[in-house]
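Here are my notes on the model you sent over, set out as numbered points. Please have the structure open as you read.

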Amino acid sequence: MGKGRSNIFLIPKNENTENPKNYKSVTCLPTMYKLITSVISRRIQKYMNDENFIPKERKGCYRGSKGCKDQLLISKTILQECKSRKKYLSMAWIDYQKDFDRVPHSWIIKSLELIGVNNKLYHLLRRL
């Protein structure tokens with residue numbers, strides 16, 4: 001693996017290997033790349049938290065959060081409470097599968113510019 005390169009391996013999810021959707025990809029990246037992107041990610045997360053860019057309701061967006069698990073426990077508690085009080089309740093769940101796999105990177109970069117991420121960091125991320 002050379003500078004700026006990665007290896008991608010396709011791992012079958014189940015026995016049906018003829019359908020491309022039945023594979024997950026695993027990307028092996030250089031250690032230095034992983035290290036620097038981890039540091040950058042933490043700093044951007046701190047900045048976004050400090051500036052209140054992410055609402056508290058978006059539990060899955062917070063580092064170390066158990067977003068889905070927390071939401072399921074909250075939903076279960078609400079449902080049990082409604083059942084014990086004999087109240088009707090309607091709920092809907094929306095699954096945004098792999099949000100950022102479907103968002104063009106140019107949009108993410110533009111968003112970072114709009115929220116005022118440090119100029120040097122912005123230019124580094126554009127190059128990466």
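1. To start with a question: does F53 count as buried, exposed or partly exposed? At 35% relative accessibility, F53 counts as partly exposed. Please keep in mind throughout that this is a predicted model.

2. F53 has an aromatic partner. The count of aromatic pairs comes to one, and that pair is formed by Y47 and F53. Their ring centres are 6.0 Å apart, with 40° between the planes, and the pair is tilted. Y47 is also partly exposed, at 26% relative accessibility.

3. Now for the overall layout. The protein chain has four helices and two strands, and along the sequence they run β-β-α-α-α-α. Of its 128 residues, 12% count as buried. Among contacts between residues at least 6 apart in sequence, 24% join residues at least 24 apart. The accessible surface comes to about 11700 Å², and carbon and sulfur atoms account for 55% of that.

4. Helix α4, residues 119-127, is a good place to look at sidedness. L121, Y122 and L125 are buried there. Viewed down the axis of α4, the buried residues fall within an arc of 105°, so they line one face of the helix. N119, K120, R126 and R127 are exposed on the other side of α4. As for partners, the buried residues of α4 pack against α1 (31-50) and α3.

5. Just before that helix, have a look at N118, which is found in the loop between α3 and α4. At 48% relative accessibility N118 counts as partly exposed, because the cut-off for exposed is over 50%. N118 and Y47 are 71 residues apart along the chain, yet 9.8 Å separates their C-alpha atoms.

6. On the surface, L72, I74, I78, L79, L89, M91 and W93 make a nonpolar patch of about 650 Å². One of its members, W93, lies in the loop between α2 (67-85) and α3 (105-115). W93 is exposed, at a relative accessible area of 60%.

7. What does S75 touch, leaving aside its neighbours within four places in sequence? S75 is in contact with M91 and W93, both of which belong to the nonpolar patch. S75 itself sits in helix α2 and is buried, with a relative accessible area of 10%.

8. Where do the salt bridges fall? The structure holds three, and I take them in sequence order.
   - K46 and D50 meet at 2.7 Å, N to O. Both lie in helix α1, four residues apart, about one turn of the helix. D50 is partly exposed, with a relative accessible area of 47%.
   - R85 and E81 meet at 2.6 Å, N to O. These two are four residues apart in helix α2, so about one helical turn separates them. R85 is exposed at 56%, whereas E81 is partly exposed at 39%.
   - K110 and E113 meet at 3.1 Å, N to O. Both lie in helix α3, three residues apart, again about one turn. K110 is partly exposed at 41% relative accessibility, and E113 is partly exposed at 38%.

9. One general remark on these spacings: an α-helix has 3.6 residues a turn, so residues three or four places apart point the same way.

How values were computed: Residues are numbered from 1 along each chain as its sequence is written. This is a predicted model: local features need pLDDT of at least 70, side-chain atom pairs count only at pLDDT 80 or more; totals for chains, interfaces and linings use all residues. Side-chain values use heavy atoms; hydrogens and water are left out. Patches are made of residues with over 30% relative accessible area and no salt bridge: like charges are joined within 9 Å, nonpolar side chains (Val, Leu, Ile, Met, Phe, Trp, Tyr) within 5 Å. Accessible areas come from the Shrake-Rupley method with a 1.4 Å probe; for residues, only the protein chains shown count as cover. A salt bridge is a side-chain nitrogen of Lys or Arg within 4 Å of a carboxyl oxygen of Asp or Glu. Buried means under 20% relative accessible area, exposed over 50%, partly exposed in between (1.4 Å probe, protein chains only). Contact means heavy atoms within 4.5 Å. Rings of Phe, Tyr and Trp (its six-membered ring) pair if their centres lie within 6.5 Å; planes under 30 degrees apart count as stacked, over 60 as edge-to-face and the rest as tilted. The arc is that of the directions from the helix axis to the C-beta atoms.
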